[in-house]
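Subject: Structure for you to look at

Hello,

Here is the structure I promised to pass on. Please open it and keep it in view while you read my notes below.

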Amino acid sequence: VSVGSAATSDDSTVEYDENDDDMKYEDKYLGIVRKKAIELEQNGNTCVFVAVNNNLCAILAIADKIKPDAYHVIDYLQYKKNIPCYMITGDNQVTANAIGKLIGIPPDHIRANVSPGNKQNIVKQ
């Protein structure tokens with residue numbers, strides 16, 4: 001059994017043409033799966049791919065639950081108190097941007113793909 005995220009893959013996007021008769025079934029399948037994973041990530045999920053004997057058998061979409069008042073707190077801090085807010089996350093950039101948009105953090109204040117050990121270094125900056 002293999003488990004990994006798009007971060008463990010060299011390329012997390014695949015473009016394909018469903019009408020291309022020369023494309024192998026497996027290539028079409030992989031393209032469809034990756035397209036779905038991208039869609040899930042654009043909605044704030046982190047995708048984990050599960051394979052058995054090198055055959056993909058599942059995509060797990062994992063998302064943290066956003067607290068109901070998160071948007072209002074960030075809005076208050078940034079616009080009423082003039083305190084800039086940042087998001088530092090281990091999620092990929094697509095997922096991080098989706099969450100940032102939901103809670104009102106500007107894209108240039110989002111740091112994605114950050115390892116747990118590196119988060120402290122970023123906060124010190």
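First, exposure at one position: N82 has a relative accessibility of 66%, so this residue counts as exposed, the cut-off being over 50%. Please keep in mind that the model is predicted.

Now look at where N82 sits. The residue belongs to the loop that links α2 (70–80) to β4 (87–88). Its backbone is worth a look too. N82 is not a glycine, yet its phi is positive, at about 60°. That positive phi comes just after α2.

Next, the helix itself. Which residues of α2 are buried? They are A70, I74 and Q78. Viewed down the axis of α2, the buried residues fall within an arc of 45°, so they line one face of the helix. What do they pack against? Their partner is α3 (93–103). Turn the helix around and you meet H72, Y79 and K80. These exposed residues are on the face of α2 that points away from the buried side.

Q78 deserves its own paragraph. This residue lies in helix α2. Is Q78 buried or exposed? Its relative accessible area is 8%, and buried means under 20%, so Q78 is buried. Its side chain reaches the backbone oxygen of G104, at 3.0 Å. Q78 also has contacts beyond its neighbours within four places in sequence. These are I83, P84, C85, G104, P106 and H109. Note that G104 appears both in that list and as the residue whose backbone oxygen the side chain reaches.

Now move along the chain to the loop between β5 (110–111) and α4 (116–124). N113 is found there. Here is another residue with a positive phi of about 60° that is not a glycine. How accessible is N113? The value is 49%. Partly exposed covers the range between 20% and 50%, so N113 counts as partly exposed.

S115 lies in the loop between β5 and α4 as well. With a relative accessibility of 37%, S115 counts as partly exposed. One distance is worth checking on screen. S115 and I88 are 27 residues apart along the chain. Their C-alpha atoms are separated by 9.5 Å.

To get started, find Q78 in α2 and follow its side chain to the backbone oxygen of G104. Then go on to N82, in the loop between α2 and β4.

Best wishes

Key: Residues numbered from 1 in each chain as written. Predicted model: local features only at pLDDT ≥ 70, side-chain atom pairs only at ≥ 80, totals over all residues. Heavy atoms only, no water. Helix = DSSP H or I, 4+ residues; strand = E, 2+ residues; numbered from the N terminus. Buried < 20%, exposed > 50% of the residue type's maximum accessible area, 1.4 Å probe, protein only. Polar contact = N/O pair within 3.5 Å; in protein donor to acceptor, adjacent residues only side chain to side chain. Contact = heavy atoms within 4.5 Å. Arc of directions from axis to C-beta.
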